[in-house]
There are 2 protein chains.
Amino acid sequence: MDPIIWLWLALAGGVLALALAVFYGRQVAEASPGNERMRELMGAIREGAMTFIKREYTAVAVFVVILAILILIFLDWGRPWGAVAYVFGAALSALAGFIGMRTATAANARTAEAAREGGVTKALPLAFRGGAVMGFTVAGLGLLGLALGYLFFEEILGDDNSFQIITAIGLGGSSIALFSRVGGGIYTKAADIGADLVGKVEAGIPEDDPRNPAVIADNVGDNVGDVAGMGADLFESYVGSLIAPIAFAAFAFSGFDFQDEAFFYPLMIATLGMGGSIIGSFFVKPGEGSLAAALHKGTWVAMSITIVGVAIFTPILFGSDVDGVDNAWGLVLAVVVGLVIGWLIGQISEWFTSDHFRIVKEVARQAQTGPATVALSGISEGMRSAAFSVVVAALGMAGAYWGGDLAFDHELAGIYGIAIAAIGVLSTLGITVSVDAYGPIADNAGGIAEMAHLPPEVREATDALDSLGNTTAAVAKGFAIASAAITALALFFTFRQAVVDAGGELPVLDILDIHVTVGLFIGAMFPFLFAALTIQAVGRAANRMIEEVRRQFREIPGLLQGEKDVRPDSARAVDISTAAALREMMIPGALAVALPLVVGFISVRALGGVLAGALLTGFLLAIFMANAGGAWDNAKKFIESGAFGGKGSDSHKAAVVGDTIGDPFKDTSGPAMNIVIKVMTIVSLIFASAFV
Amino acid sequence: MDPIIWLWLALAGGVLALALAVFYGRQVAEASPGNERMRELMGAIREGAMTFIKREYTAVAVFVVILAILILIFLDWGRPWGAVAYVFGAALSALAGFIGMRTATAANARTAEAAREGGVTKALPLAFRGGAVMGFTVAGLGLLGLALGYLFFEEILGDDNSFQIITAIGLGGSSIALFSRVGGGIYTKAADIGADLVGKVEAGIPEDDPRNPAVIADNVGDNVGDVAGMGADLFESYVGSLIAPIAFAAFAFSGFDFQDEAFFYPLMIATLGMGGSIIGSFFVKPGEGSLAAALHKGTWVAMSITIVGVAIFTPILFGSDVDGVDNAWGLVLAVVVGLVIGWLIGQISEWFTSDHFRIVKEVARQAQTGPATVALSGISEGMRSAAFSVVVAALGMAGAYWGGDLAFDHELAGIYGIAIAAIGVLSTLGITVSVDAYGPIADNAGGIAEMAHLPPEVREATDALDSLGNTTAAVAKGFAIASAAITALALFFTFRQAVVDAGGELPVLDILDIHVTVGLFIGAMFPFLFAALTIQAVGRAANRMIEEVRRQFREIPGLLQGEKDVRPDSARAVDISTAAALREMMIPGALAVALPLVVGFISVRALGGVLAGALLTGFLLAIFMANAGGAWDNAKKFIESGAFGGKGSDSHKAAVVGDTIGDPFKDTSGPAMNIVIKVMTIVSLIFASAFV
């Protein structure tokens, strides 16, 4: 068949996904947002979130303009299309985060109300639909945006550099994602730590107590960090994974008969995955089984449909009339390997972070001998989980390479296989994000239930949803990290081809070439520096919040005593978090983009080393931090459920320390690391010709 | 001049250093060991330490025999010399640790007695002399052993593979060092944590209280971990750094006129450094200035003599009659770069871990908001220090490469320069170790003073010595880590040459070759796994100790009440630490040796990736863990000195948590990492021909 049909199908798939998002969005909007107090709280959270995101996008816009100008200046394509594509990608990414957050901040009170009306059975579908708006917006905009870019730059304009231009869409997404993750991560943890340390620990009032001025900011944080930040993040992962094989095929396969097929194959996988996700989303409803079963069912349906579709259409696309194709089933293997890597790394995350397994219980048990042993236990388990995940990823990459190698008669075919595996991981993004994004909605719903003094069984229902959300989020994080590492590797290979294509001497990147060696060291240290900077940023931002909450407790008469009609100045706390997050995100974010640019203009070989080094340690730190944080969080929850002395015991206090250490690990530094390794590679790829 | 003269001078230097060790040892032996109780305590510590080291060496002997047999089987040199050299190196390394520890366990009570008699002024020289026995034994055995090996295998036997055989001496040292560091590190921290958690925290008795059954074990731990472990470690660093350029010259420079000079140049630098160290050691005496000034003076004198000597003799050795030498000053540059890297990384360590600087004070300040913020602060500062140190090392390597490149007309000359820089770091090892090893002696002296109920001013004097020892130890650790990374890199380059020499295809190690890529990931994850395993080993061993101390407090009547003539069963506590450490050291230690062997027999290119990956993350984790641990330790001491509420305050409790997290970081996992990255490379280098 003519492979271009998959371009049209991809456009259709993108539109369909967006239509589904609108459909789910309507369903959310139609539900009742509850009583006046709940609507008021929802309004405050939404207003804070919108204010933050507007100010964040304004600040990032400056950065986007600077990079767009650099693209205009240094990439002598003689046409503005690179910069246009870059801004287009940035706009889509921002839009994905914005829409997801708007829906999430509308779904929170409605989920609480649904829980009040009909318990978990009624609340789960609503929270899931809120998450699904995000999921299908992200995936839909990603697929549609990329297909449109392809259509416009390649098919209509027919530009010589169309594939580098399309890559710029990915860089646009990455830019927004980087700052959203870092800024949102700082915001949410500053508010969280500030609310907890002064409220729970110093003043001794419960979590989400309406007297606490930082509680609204904490709930805003869930939305700007876990929803908008994650939305932009996954948008860029998805687009990045689709771009990697397309760009690689452009450089490596030119002149080969199967190049066209290799261009459209990523769109085919994504389209099939989108179809699977759309169908799968209708299977998420609480039936006889557990809540987890309902969510898992949707994911399994989506995956099965995708695999079957890929198995059917891959041999058709790479039909017998295409020269140079040895065995198209090798590509099916690569897709399946990708799905398996994602699933396995997700399983490892679950194994290390869910209190259904031995490890979290062991971390909790260490709380009996105090905070130091909890901390050491979480750190060592996090490191162990990183080691296991990396082994899985490394072996998986070898498998995907083998699959690609089987497929084509081309010496670089294996790398195409690796790039295809990354799409395999993310093909069912629509449903994966839906499942992930529902967590913060349930979390917020619980906060609103508490603040609006709803009956305790409502809180219990939302807590059940929230706890499940923690586990599904860990699995989704596994997917995101696995795809990030594989995509970064594929982009890295593409970078080399781009340098070769531009006439640079980079046929090999010899580890033992001194440029490369020095680059490896510099690159390897960067994720450590980035982690240090973001942890410290959270610390500083949290300190400002702590001071503000203390000040309000001290200066607003009757607040702490809970007198009627005395309300804290929540807006001020929101404002402090916003200002601190925006200030603190700038340096680490800008460094990640500047480092490859600076090194690249000095030595392209050194830049190769930098990218490899950063990929290695960034991948390890991302998993280490995510899983250590998750293990501490759930160890604390495990103790709260009554183990080792339960709530209020010394063990619990020790576990809370672990959880607080884990906060910036799992919600700020760790997730940002995914984007850092990709943003560095994609910047290098785009500027490759300028470096040479 | 005939370069072989430096072989004879090296032999003489080694003998002279050993003579100096005997001289200092006599001086220690002549001092009074104090009253009966002090002698009794000294005896108990010495007996515990000797028991441990004998059982440790017995256990490691099995491992040494296995590896010796593997060398015999796989290296088809047809002669047993490789295995002989390996056992020789292992024996020397064990001997160095043994002698150092014997002296340290004799110097502790004598230092306490000297402090009683004459305060700091009398105690410092004695503690330093105790350390110097260790310092000059390690350096003397290293230089003498290597020179003897050279003489025997190359000059007398004239074996074809003499340089690979000499390399086996290094592997022998590394084997002992690896297990000594891991086993000693587990021992000392299990005893330390056990003594502190039950004694100080649960029972509320002071540190080093004679009622605590784990106190003797804790003091034993200082000797087996900080003295014997470090001695074996630095022996292997020193020998490794000397072997790297010799082996590299053997493979890369064969047929070149300057090969002979390149062989003997490392011995020349080491000999000059030894001379400088010997002279410098006589400058260590408390004069008008501070204690630190006295120690620093010795180091500066040694360094100055070394640099001047190198500047004079390098141009003479590489005289105008040697073909292919462009500019011998390039090598002087490499030596100086090495010294500067070591000094700078030491300075960074001091900056991050001494309470004279801002960072430790900031970590201490974070204790005011509880243990979580202390933990985060230490982690982020540790990561930052690793990033800075790696940048210094990377730029230094580039400088040393440039120096080597200037020196010879040979495309691989730059790598020789890197190897020479590693010797530069370690050339003044004699005095560096002396300064480092005096710390645990002072620490032990304080313990004995406490347990023997000496007047408080004695403890104050030993505390002053101990506190200074913490800082000098941090600087020495910086040296050790810097040298480890550079030596490992030089050995890694040599490994490639060895593979090429053996007829293997490894002209380049392309990062983007899938074998290498997968290897990089596997290698990069190994230090994370190793850190996790060793942290957990300390945790398990400490738990056993905690249970034993609790049992004794419970079951021995009158012990906790301090009744006269009721003594704890210290021997049993020592036995528990010993057994636990020996059991726990086996798996992580054996893994570090097995991983390169297994990978190497599968794919040499993958092994190249493994070595590079492990070097990158091992280096980063080693510095991260050492400096985070040091910062926490001194933040706690800073608070104990009265800041932020002082001893017993909530801030202090939070800081103690940080210190405990740091214990396995800085004394078990971190220091072992240095050896891991070298042991992996040196195993690969020796088995290179077997892999091909």
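What rotation superposes chain B on chain A? Keep that in mind as you open the model, which is a predicted one.

**Stop 1: the two chains together**

Colour chain A and chain B separately. A rotation of 180°, with 0.0 Å of shift along its axis, lays chain B over chain A with an RMSD of 0.0 Å. The two copies are therefore related as by a two-fold rotation axis. To find that axis from chain B, select Asp510(B): its C-alpha is the one in chain B nearest the axis, at 2.3 Å.

**Stop 2: where the chains meet**

Now show the residues of chain B that touch chain A. You should find 57 residues of chain B in contact with 57 residues of chain A. Which helices of chain B each supply at least two residues to this side? Select helix 10 (371–407), helix 13 (456–501), helix 14 (514–555), helix 16 (604–640) and helix 17 (650–686) of chain B to see them. Helix 10 of chain B gives the most, with 19 residues.

Try colouring this side of chain B by residue class: 41 of its residues are nonpolar, 13 are polar and three are charged. If you then turn to the partner chain, you will meet a familiar set of positions. Of the interface residues of chain B, 100% are also interface residues in chain A, so the copies meet through the same surface.

**Stop 3: helix 10 and helix 11 of chain B**

Stay with helix 10 of chain B and add helix 11 (residues 413–426) of chain B to your selection. Their axes come within 6 Å and cross at roughly 125°. Because of that angle, helix 10 of chain B counts as oblique to helix 11 of chain B. The crossing of this pair is right-handed.

To see the contact itself, show side chains on both helices. From helix 10 of chain B come residues including Gly396(B), Met397(B), Tyr401(B), Trp402(B) and Asp405(B). Helix 11 of chain B meets them with residues including Ala413(B), Ile415(B), Tyr416(B), Ile418(B) and Ala421(B). Counted by class, the residues of this contact are eleven nonpolar, five polar and one charged.

**Stop 4: helix 5 and helix 11 of chain A**

Move over to chain A and select helix 5 (residues 215–252) together with helix 11 (residues 413–426). Here the axes come within 9 Å and cross at roughly 160°, which means that helix 5 of chain A is roughly antiparallel to helix 11 of chain A. Is the crossing left-handed or right-handed? For helix 5 and helix 11 of chain A, it is left-handed.

Among the residues making the contact, pick out Ser237(A), Tyr238(A), Leu242(A), Pro245(A) and Phe248(A) on helix 5 of chain A. Opposite them, helix 11 of chain A offers residues including Ile415(A), Tyr416(A), Ala419(A), Ile423(A) and Leu426(A). This contact has 13 nonpolar, two polar and no charged residues.

**Stop 5: a histidine in a loop**

Finish with His453(A), which you will find in the loop between helix 12 (429–451) and helix 13 (456–501) of chain A. What is the phi of His453(A) near? The value is near 55°, and is positive although the residue is not a glycine. Is His453(A) buried or exposed? It is exposed, with 10 other C-beta atoms within 10 Å.

Then jump to His453(B), placed in the loop between helix 12 (429–451) and helix 13 of chain B. His453(B) has a positive phi of about 55°, again in a residue that is not a glycine. With 10 C-beta neighbours inside 10 Å, His453(B) counts as exposed.

Technical notes:
Residues are numbered from 1 along each chain as its sequence is written. Chains are lettered from A and ligands numbered from 1 in the order in which they are written. This is a predicted model: local features need pLDDT of at least 70, side-chain atom pairs count only at pLDDT 80 or more; totals for chains, interfaces and linings use all residues. Copies are superposed by least squares on the C-alpha atoms of residues with pLDDT of at least 70 in both. Two residues are in contact if their C-beta atoms, placed from the backbone, lie within 7 Å. Helices (H or I, at least four residues) and strands (E, at least two) are DSSP runs, numbered from the N terminus. Ala, Val, Leu, Ile, Met, Phe, Trp, Tyr, Cys and Pro count as nonpolar, Asp, Glu, Lys and Arg as charged, and the others, Gly among them, as polar. Axes are lines fitted to C-alpha atoms, for helices over the stretch in contact, and angles run from 0 to 180 degrees between N-to-C directions. Angles under 35 degrees count as roughly parallel, over 145 as roughly antiparallel, 65 to 115 as roughly perpendicular and the rest as oblique. A crossing is left-handed if the near helix is turned anticlockwise from the far one by less than a right angle, and right-handed if clockwise. A residue is buried if 20 or more other C-beta atoms lie within 10 Å of its own, exposed if 12 or fewer, and partly exposed in between; C-beta atoms are placed from the backbone.
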